[in-house]
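Welcome! Let us take a walk through this protein together, one stop at a time.

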Amino acid sequence: MIDYSDGKGVAMAKATIADIAREAQVSVTTVSRFINGNYGKMSAATKSRIQETVDRLDYRPNASARRMRQQNTHVVGVVVADISNVFSSLLFKGIDEELRPAGYDVMLMNSDNSLEEERAEINRLLSQRVDGLVIQPNASDFNAYSSIITARTPLVVVDREPENLPDSVSRVMSDNEDSCMRLGKRLVDAGYD
């Protein structure tokens with residue numbers, strides 16, 4: 001038996017599927033099926049023994065390893081222009097509230113209003129094989145984002161609409177001009193200068 005704590009409850013090594021299998025006296029395949037919810041003909045006693053071992057060894061599946069075996073990562077990358085801007089924070093919160101219940105994790109990146117940093121973050125997210133990107137773009141021309149189209153990664157552009165944005169790219173834009181006009185009219189109608 002491997003000791004996974006230092007005697008004070010602090011884990012010293014991360015348990016693996018092989019460790020769970022050895023401790024629960026089942027095959028690695030059985031543990032894998034258990035972790036993935038494929039109980040098939042697994043007895044209640046076996047499920048209970050594996051669960052007890054998972055809990056005792058504080059086992060957590062490696063999400064990166066799982067993603068490598070799957071076609072989808074269930075991760076969406078979000079690149080905002082300035083995380084300190086309240087709008088960017090609210091934008092991220094809304095994206096997360098929609099995607100989390102759908103089973104997606106959201107990876108947030110802050111470009112700090114820098115085209116160079118934005119490009120590096122997009123490349124980092126594409127190398128992580130994200131299932132999609134949501135970008136608050138810094139570039140004024142959409143050609144700066146051609147690598148996303150080349151990678152066939154779904155894209156949503158939010159808040160800022162760059163020139164040459166193809167119709168095939170989804171967008172969510174604020175109607176600032178019309179909103180400001182309506183606000184101005186209401187203020188004038190209310191007697192304000």
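**A guided walk**

Our first stop is helix H5, whose buried residues are Ser88, Leu91, Phe92, Ile95, Asp96 and Leu99. Keep in mind as you look that this is a predicted model. Seen down the axis of H5, these buried residues fall within an arc of 130°, so they line one face of the helix. A general rule helps here: an α-helix has 3.6 residues a turn, so residues three or four places apart point the same way.

Now turn to the face of H5 that points away from the buried side, where you will find the exposed residues Val86, Leu90 and Glu98. And what lies over the buried residues? The cover of H5 includes four strands: E1 (75-80), E2 (105-110), E3 (132-135) and E4 (155-158). You can also check the length of H5, which runs through residues 86-99. Its 14 residues, at 1.5 Å a residue, should span 20 Å, and the C-alpha atoms at its ends are indeed 20 Å apart, so the two values agree.

Let us step back to see the whole chain. The protein chain holds 8 helices and 5 strands, and from the N terminus on its elements follow the order α-α-α-α-β-α-β-α-β-α-β-β-α. Of its 193 residues, 31% are buried. Among the contacts with a separation of 6 or more, 45% join residues that are 24 or more positions apart.

Asp131 gives a nice example of residues meeting across the sequence. You will find Asp131 in the loop between helix H6 (115-127) and E3. Is Asp131 buried or exposed? With a relative accessible area of 18%, Asp131 is buried, because buried means under 20%. Leaving aside residues up to four places away in sequence, Asp131 touches Asn72, Thr73, His74, Val75, Tyr104, Thr153 and Pro154. Take His74 from that list: Asp131 and His74 are 57 residues apart in sequence, yet their C-alpha atoms are 6.2 Å apart in space.

Our last stop is a pair of helices. H1 (residues 17-24) and H2 (residues 28-35) pack at an angle of about 110°, and their axes are 8 Å apart. That angle makes H1 roughly perpendicular to H2. On the H1 side, the residues that meet H2 are Ile17, Ala18, Ile20 and Ala21, while H2 brings Val28, Val31, Ser32 and Ile35. Sorted by type, the residues of this contact between H1 and H2 comprise 7 nonpolar, 1 polar and no charged.

Notes: Residues are numbered from 1 along each chain as its sequence is written. This is a predicted model: local features need pLDDT of at least 70, side-chain atom pairs count only at pLDDT 80 or more; totals for chains, interfaces and linings use all residues. Side-chain values use heavy atoms; hydrogens and water are left out. Axes are lines fitted to C-alpha atoms, for helices over the stretch in contact, and angles run from 0 to 180 degrees between N-to-C directions. Helices (H or I, at least four residues) and strands (E, at least two) are DSSP runs, numbered from the N terminus. Angles under 35 degrees count as roughly parallel, over 145 as roughly antiparallel, 65 to 115 as roughly perpendicular and the rest as oblique. Contact means heavy atoms within 4.5 Å. Ala, Val, Leu, Ile, Met, Phe, Trp, Tyr, Cys and Pro count as nonpolar, Asp, Glu, Lys and Arg as charged, and the others, Gly among them, as polar. The expected span of a helix is 1.5 Å times one less than its number of residues. Buried means under 20% relative accessible area, exposed over 50%, partly exposed in between (1.4 Å probe, protein chains only). The arc is that of the directions from the helix axis to the C-beta atoms.
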